[in-house]
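Subject: Structure handover and notes

Hello,

Here is the structure I said I would pass on. Please load it before you read the notes underneath.

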Amino acid sequence: MIVRPSEASDADALAAIYGHDVLHGFGTFEEVPPSPLEMAQRRLAIVERGLPHVVAEEDGKVLGFAYAGLFRPRAAYRFTVEDSVYVAPEAHGQGVGKAMLSEVLAACEALGLRQVMAVIGDSGNAGSIGLHTSLGFRHAGICQSVGFKHGRWVDTVWMQKALNGGDASAPAADGLILTGH
């Protein structure tokens, strides 16, 4: 297995992997799977900001994707991102998520970012919670019953990881360019 930067040509695989989670899981609160074109546009929006967007591939097949996106649009959040990790169902439990998220975290650290947030759908999502815990994320809170999907109320679990010393000092880098009001 290799982890590499995603490419525009990965859009079909991204849509298939994410679409499965939309239809069958709680990791995302979307309810209608986006098209490959929409996934390509979402990927491009991440890449154009200089943020990491990676895939795991084995024998030419994409097994998953992960990226860091904006946490919030307001300028004060310019040193914080939110991670996302999606793994094809047949590749769960094989270290794919950990390999991809490790690459994303290293890239975020290289950018001078200070915090990475994980907003995990479903407090019963042991796989994602375990993945984040294994990479040094700590629990930051639970928002109970904030989503309604597949006929039931769903929590979100917030986890957080400090990079580059977190809040121990003022940042030396400029951070992301954010213009939200």
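The notes below cover the cores, one helix, a buried acid and the salt bridges.

Please keep in mind throughout that this is a predicted model.

Nonpolar cores

The largest nonpolar core has 30 residues, and the members that touch the most others are V81, M100, L101 and F137. Several elements supply at least two residues each: strands 2 (53–58), 3 (61–70), 4 (80–87), 5 (115–121) and 7 (152–162), together with helix 3 (96–110) and helix 4 (126–134). Helix 3 gives the largest share, six residues.

M100 is a useful place to start looking. Leaving aside residues up to four places away in sequence, M100 touches V3, V54, V55, A56, G64, F65, A66, V85, Y86 and V87. There is also a second, separate core of 11 residues, with L14, A15, V55 and A88 among them.

Helix 3

Helix 3 is 15 residues long and spans 22 Å from first to last C-alpha, close to the 21 Å expected at 1.5 Å a residue. Its buried residues are V96, G97, M100, L101, V104, L105 and C108. Viewed down the helix axis, these buried residues fall within an arc of 150°, so they line one face of helix 3. Just after the helix, G112 has a positive phi of about 85°.

A buried acid without a partner

D21 belongs to helix 1, which covers residues 11–24. What is the nearest side chain of opposite charge to D21, and how far away is it? It is K149, at 8.2 Å; D21 is buried yet has no salt bridge. A salt bridge needs a side-chain nitrogen within 4 Å of a carboxyl oxygen, so a separation of 8.2 Å does not qualify. D21 and K149 are nonetheless in contact, and D21 also touches F26, T28 and Y86, again not counting residues up to four places away in sequence. If you assign protonation states, this is a residue to look at by eye.

Salt bridges

The count comes to six salt bridges. Three of them are described here.

R4 pairs with D10, the closest N and O atoms being 2.8 Å apart. Both ends are buried: R4 has a relative accessible area of 14%, and D10 has one of 5%. R4 and D10 also belong to a salt-bridge network that includes E57.

E90 pairs with K61, with the closest N and O atoms 3.3 Å apart. E90 sits in the loop between strand 4 and helix 3, while K61 is in strand 3, so the bridge ties together parts 29 residues apart in sequence. Both residues count as partly exposed, E90 at 45% relative accessibility and K61 at 43%.

R152 pairs with D122, where the closest N and O atoms are 2.9 Å apart. This bridge links distant parts of the chain, 30 residues apart: R152 is in strand 7 and D122 is in the loop between strand 5 and helix 4. Which of the two is buried and which partly exposed? R152 counts as partly exposed at 33% relative accessibility, whereas D122 counts as buried at 12%.

Regards

Methods. Residues numbered from 1 in each chain as written. Predicted model: local features only at pLDDT ≥ 70, side-chain atom pairs only at ≥ 80, totals over all residues. Heavy atoms only, no water. Core = buried A, V, L, I, M, F, W, Y, C linked by side-chain atoms within 4.5 Å. Buried < 20%, exposed > 50% of the residue type's maximum accessible area, 1.4 Å probe, protein only. Helix = DSSP H or I, 4+ residues; strand = E, 2+ residues; numbered from the N terminus. Contact = heavy atoms within 4.5 Å. Lys, Arg positive; Asp, Glu negative; His and termini not counted. Expected span 1.5 Å × (residues − 1). Arc of directions from axis to C-beta.
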